[in-house]
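Colleague: I'm new to reading structures, and I'd like to learn how the labels people use are earned. Can we go through one together?

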Amino acid sequence: KKAAPKKEKLADPIAATIDVASQQLIARAQQLGVETVFDRAETMKPCNIGAQGTCCKNCGMGPCRLPLPKSGIEGEDTRKGLCGATANTIAARNFIRMIAGGAAAHSDHGRGVAEVFLTAARKETNDYQIKDTVKLVQVAEALGVATTVEVDGETKDRDLDEVAVEVGEIAMAEWGKPEGEVFYLKRAPQALYEKWEKQGVRPRNIDREIVEIMHRTHIGVDQDYRNLMKQGVRAAIGDGWGGSMLATDLQDILFGTPYPLQSEANLGVMKEDHVNLIVHGHEPILSEMIVAASQSKEMLDYAKEKGAKGIQLSGICCTANEILQRHGIPPAANFLQQELAIITGACDAMVVDIQCIMQNVANVANCFHTKLITTHPIAKMEQENVIHIEFDEHYAMEDAKRIVKMAIDNFENRGAEVMIPRQKATQIAGFGVESIQYHLGGTFRGDYYTLNDNIINGRIRGIAGVVGCNNARTRHNEGHIQVVKELIKNDVIVLTTGCNGIACAMEGLLTPEAAGVYCGAGLAEVCETVGIPPVLHMGSCVDNSRILLAATEVVNAGGLGNDISELPVAGSAPEWMSEKAISIGQYFVASGVYTVFGVTFPTTGAPVFQDFLFKEMEKMYGGMWDLEIDPIKHAHKMIAHIDSKRKALGIDK
Ligand code: SF4
Ligand code: MSK
């Protein structure tokens with residue numbers, strides 16, 4: 001069970017991560033002979049051709065491998081697969097299949113939420129209710145659902161239960177309706193909508209665009225990288241302005257729209273004398289119930305009966321972000337720390353749902369007393385020690401209590417010595433369009449405090465969305481923190497989601513006090529005046545849709561151009577690794593945002609196709625991709641773009 005990797009192949013904990021808590025636990029894992037992702041990153045190096053995006057295995061005649069010669073391409077690029085597919089075709093097919101994977105993940109998550117939403121709206125369950133009726137009405141209007149009714153010549157508000165059912169039905173249809181286009185496209189600035197119309201990329205429904213990618217990338221179908229990308233863009237827009245945005249909205253209606261609250265972050269949030277239950281993955285459907293169950297008197301009394309002082313619930317990845325932003329439950333870890341949470345020896349149960357769960361957590365759990373519980377019918381694990389408790393929204397609280405009880409019962413079984421690092425930091429999280437507006441003067445424009453006015457007067461140089469994963473091919477959290485610190489030092493306010501949000505929280509950047517320490521004078525003045533952190537945590541991966549809507553509000557408020565592409569904004573994923581990150585990046589680019597990725601980019605083996613993404617796309621959508629591995633240069637490319645937009649708007653000084 002405890003096969004140690006060969007000594008010379010172990011990761012150097014200090015080179016592996018900037019986080020001291022993680023360094024301690026990597027070293028402990030190595031002492032105990034428990035292998036982690038950090039060690040595997042030493043023993044297994046990536047395939048160069050695959051990393052370049054030019055390996056095709058779309059049929060049984062391949063894989064056809066088209067490496068880029070070290071000297072580059074001189075003259076005509078004659079590389080071809082057996083069928084004749086060029087490097088551009090192969091890289092474009094691979095790239096849009098990544099978009100399909102990412103868009104499918106977000107959108108299927110959204111569909112799951114829509115199903116629960118409809119169950120709640122139809123009152124088929126007592127465990128979920130409509131919590132945010134203000135957002136219900138907003139969403140109803142965006143989906144074309146009437147919120148008023150004429151009675152005897154008088155306009156009256158419609159019954160909200162009826163509105164909710166109709167919202168649920170119309171939302172569900174967004175995944176597969178036979179005609180029309182995704183409703184939410186009309187929420188984008190008019191100029192952007194018109195660009196999509198001109199380019200022919202308005203998604204018809206969410207699922208169809210994903211299916212069409214799989215068809216077009218089958219052998220012998222679409223063999224023009226431009227046309228392939230047209231479909232990639234269409235599916236990505238269906239994710240950002242469709243599946244993800246619906247997921248966020250329906251979750252807000254069901255569980256409450258987040259408002260700023262205080263919490264903590266990092267492995268030090270675990271408590272030795274408490275039952276430690278960790279939720280990991282992406283969906284808040286089950287974890288919302290686990291929050292309620294773990295705070296119930298029944299479960300707290302039971303935990304005390306079993307010798308614990310209480311129940312410490314914490315999270316990993318975006319399930320963490322979901323319950324952080326609505327309940328202040330602290331994230332214990334981001335993506336690369338998931339094995340380490342078990343290596344503390346204090347994790348009594350880890351409950352996982354979907355996405356970003358490493359299969360190796362089962363092997364690590366097998367070396368400790370930790371119960372690993374899968375809960376989703378589409379996300380099981382083959383290892384025998386994994387327990388599957390299939391979550392059913394009709395019996396949500398019952399299932400949640402069963403899981404919490406299992407963690408409590410396991411408290412007494414801790415065998416290994418417990419080693420919880422002390423590191424943790426305070427954070428303020430839970431921002432959204434509504435709260436940014438509220439904190440900055442109640443509107444986006446027309447007053448000293450507002451976001452647009454501060455951008456126009458130059459106190460805030462621009463806005464950056466910095467998001468995304470960790471990647472074991474680069475030092476954990478280093479890119480995230482260096483990029484964000486360099487941006488705020490240069491007066492760029494940062495909106496964050498996903499694992500970047502957790503990294504920034506661990507570093508103490510999500511506090512108003514961070515403004516005085518790390519920010520340029522202009523941004524510091526704004527943050528200190530209104531009492532906000534310079535890095536605003538907007539939630540989980542699907543909540544990148546909040547960033548799209550925040551950018552739209554900035555456009556609509558006026559004074560900064562007519563489209564997102566005119567704003568002094570830029571996007572970044574310094575340590576990306578998931579297909580979802582590619583889909584997110586593509587919908588930001590297609591919405592007019594210059595978007596820089598770190599670590600690697602999966603098209604470097606096809607320079608002509610990469611040029612299309614990095615340069616030509618700007619002419620079509622106003623946004624384009626870029627790759628910059630060095631975090632400081634990465635931030636400065638974003639700042640240079642922000643400055644060019646300020647100049648074009650005539651607000652540079
Ligand atoms: Fe090779 Fe063409 Fe088959 Fe791809 S589709 S594996 S390039 S023959
Ligand atoms: S969890 S997709 S590692 S951000 Fe959303 Fe983190 Fe990336 Fe998963």
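Colleague: Which residues of the largest nonpolar core touch the most other members?

Modeller: Keep in mind that this is a predicted model. The core has 213 residues, and I99, I290, M350, V404 and V494 touch the most other members. Helix α5, residues 87-121, gives the most to this core, with 18 residues.

Colleague: Why would nonpolar side chains be found together like that?

Modeller: In soluble globular proteins, nonpolar side chains tend to be buried together.

Colleague: Okay, take V404. What does V404 touch, leaving out residues up to four places away in sequence?

Modeller: V404 touches L277, I290, A293, S294, M299 and I311. Of these, I290, A293 and S294 are among the buried residues of α11.

Colleague: What makes you say α11 is largely enclosed by the rest of the structure?

Modeller: Count the buried residues. Helix α11 covers residues 284-294, and ten of its eleven residues are buried, so "largely enclosed" fits. The buried ones are P284, I285, L286, S287, E288, M289, I290, V291, A293 and S294.

Colleague: How do you know that A235 is buried?

Modeller: The cut-off is 20 or more other C-beta atoms within 10 Å. A235 has 30 such neighbours, so A235 counts as buried. You'll find A235 in helix α10, residues 225-255.

Colleague: And which residues is A235 in contact with, leaving aside neighbours within four places in sequence?

Modeller: A235 is in contact with I99, A100, A103, P203, E209, I210 and I213. You met I99 earlier, as one of the core residues that touch the most other members.

Colleague: Let's move to α13 and α20. Why are they called roughly perpendicular?

Modeller: Two packed helices are described by the angle between their axes and the distance between the axes. Here α13 (residues 317-327) and α20 (residues 498-506) have axes that come within 9 Å and cross at roughly 70°. Angles of 65 to 115 degrees count as roughly perpendicular, so α13 and α20 get that label. Their crossing is left-handed.

Colleague: Which residues make the contact?

Modeller: From α13 there are C317, C318, A320 and N321, and from α20 there are G498, C499, G501 and I502. They divide into five nonpolar, three polar and no charged.

Colleague: What makes α13 largely enclosed by the rest of the structure?

Modeller: Eleven of the eleven residues of α13 are buried, so the helix earns that description. Among them are the charged-type residues E322 and R326.

Colleague: What is the phi of C317?

Modeller: C317 has a positive phi of about 55°, although C317 is not a glycine. C317 lies in helix α13 and is buried, with 29 other C-beta atoms within 10 Å. At the other side, α13 is followed by G328, whose phi is also positive, near 75°.

Colleague: Where is D491, and why does D491 count as buried?

Modeller: D491 sits in the loop between α19 (478-489) and β14 (492-496). With 24 C-beta neighbours inside 10 Å, D491 passes the cut-off of 20, so D491 is buried. D491 also has a positive phi, about 65°, although D491 is not a glycine.

Colleague: One last thing: which peptide bond is cis, and what is its omega?

Modeller: The bond from G62 to P63 is cis, with omega near -5°. P63 is found in the loop between β1 (55-56) and β2 (64-65).

Definitions and conventions
Residues are numbered from 1 along each chain as its sequence is written. Chains are lettered from A and ligands numbered from 1 in the order in which they are written. This is a predicted model: local features need pLDDT of at least 70, side-chain atom pairs count only at pLDDT 80 or more; totals for chains, interfaces and linings use all residues. A residue is buried if 20 or more other C-beta atoms lie within 10 Å of its own, exposed if 12 or fewer, and partly exposed in between; C-beta atoms are placed from the backbone. Helices (H or I, at least four residues) and strands (E, at least two) are DSSP runs, numbered from the N terminus. A nonpolar core is a set of buried Ala, Val, Leu, Ile, Met, Phe, Trp, Tyr and Cys residues joined through C-beta atoms within 7 Å. Two residues are in contact if their C-beta atoms, placed from the backbone, lie within 7 Å. Axes are lines fitted to C-alpha atoms, for helices over the stretch in contact, and angles run from 0 to 180 degrees between N-to-C directions. Angles under 35 degrees count as roughly parallel, over 145 as roughly antiparallel, 65 to 115 as roughly perpendicular and the rest as oblique. A crossing is left-handed if the near helix is turned anticlockwise from the far one by less than a right angle, and right-handed if clockwise.
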